Amino acid sequence: MIAMRGPSTSYDLKRAVNHSVGYFWPFPHAQLYSEPKRLGELGLLDLEVESEGRRRQTYTITYEGRDALSAWLAEPTTEQLQVRDVAELKLFFGEFAQPEDVLNLAREQILQHQDRIEVYESMQARFSERDEVADRMVPLQLGLELEYAALKFWRKLEKERSSQ
C-alpha cells in the first residue's frame, strides 16, 4: 500500500485500506500499526518521525522493499479462495434453526449483497475511465462477480424457503 500511495502514516494506511483492499482482505487494523514497524526493522520501509507536534510516524518504501514486493508478486499463488462467511456458517447449522430464521437470513443477505453491489458499481463508474487505476479495477470486477453469484444464491434460497 505504501508503494502504491507513497509516504504514509498508519492512519493514512487505515483510510486507504478501508477504501480498497479492505473490501476483500479484511484484517485487524492494529496490523497497520505493527506491520510497518516490523517491515521497517527488516529494512523494507524507512521511518521518519516528526520532531515536534503530534510526532507522526511516516513510512516510505525502500529499494529493498520494492524488490521484496516484486518478488512476492512474481511468486505463484497456490492457495484456494478463502471464504469466511457467517451467513454460510449459519446455513451449515440450519438444521437447528427455525424455518423463519433461515428465511430471514436469506432476506438479510439479499439486502447486504445488493448494497455491496451498489457500492462496487459506484466505484466502477467513478474510476473506470482512469487509466492509472485500471489494474486496481480488475479485482473489483471479481468482487462484483462474487457478489452477483451470492445474490443469485440467496434469492433462490429465499424463493424456495418462502414457498414452503
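Is Phe153 buried, exposed or partly exposed? Select Phe153 to begin. This is a predicted model. Phe153 counts as partly exposed, because its relative accessibility is 43% and the partly exposed class runs between 20% and 50%.

**Next door: Trp154**

Add Trp154. Its relative accessible area is 3%, so Trp154 is buried. The ring centres of Phe153 and Trp154 lie 5.1 Å apart, with the planes at 85°, so this pair is edge-to-face. Now show what surrounds Trp154. Beyond its neighbours within four places in sequence, Trp154 contacts Ala87, Leu91, Leu105, Ala106, Gln109, Ile110 and His113.

**The cores**

Stay with Trp154 and add Tyr120, Leu140 and Leu157. These four touch the most other members of the largest nonpolar core, which has 15 residues. Colour α6 (99–127) and α7 (134–162): each supplies at least two residues of this core. Then select Leu13, Val17, Leu32 and Leu45. They are among the 7 residues of a second, separate core.

**Another ring pair**

The structure holds 3 aromatic pairs. For another one, select Phe92 and Phe93. Their ring centres are 5.0 Å apart and their planes stand at 90°, so the pair is edge-to-face. Phe92 is exposed, at 62% relative accessible area. Phe93 is partly exposed, at 44%.

**The second largest pocket**

Select Thr9, Ser10, Tyr11, Asp12, Tyr33, Lys37, Arg54, Arg56, Gln57 and Tyr59. They line the second largest pocket, which holds about 180 Å³ of space. By class, the lining has 3 nonpolar, 3 polar and 4 charged residues. Colour α2 (10–18), α3 (31–41) and β2 (57–61), the elements that give two or more residues to this lining. With 3 residues, α2 gives the most.

Notes. Residues are numbered from 1 along each chain as its sequence is written. This is a predicted model: local features need pLDDT of at least 70, side-chain atom pairs count only at pLDDT 80 or more; totals for chains, interfaces and linings use all residues. Side-chain values use heavy atoms; hydrogens and water are left out. A nonpolar core is a set of buried Ala, Val, Leu, Ile, Met, Phe, Trp, Tyr and Cys residues joined through side-chain atoms within 4.5 Å. Buried means under 20% relative accessible area, exposed over 50%, partly exposed in between (1.4 Å probe, protein chains only). Helices (H or I, at least four residues) and strands (E, at least two) are DSSP runs, numbered from the N terminus. Contact means heavy atoms within 4.5 Å. On a 1 Å grid over the protein atoms alone, a cavity is a set of points where a 1.4 Å probe fits but cannot get out, and a pocket is an open set with protein on both sides within 12 Å along at least five of seven lines; lining residues have an atom within 4 Å of a point. Grid points are joined across faces, edges and corners, and a volume is the space filled by probe spheres set on the points. Ala, Val, Leu, Ile, Met, Phe, Trp, Tyr, Cys and Pro count as nonpolar, Asp, Glu, Lys and Arg as charged, and the others, Gly among them, as polar. Rings of Phe, Tyr and Trp (its six-membered ring) pair if their centres lie within 6.5 Å; planes under 30 degrees apart count as stacked, over 60 as edge-to-face and the rest as tilted.
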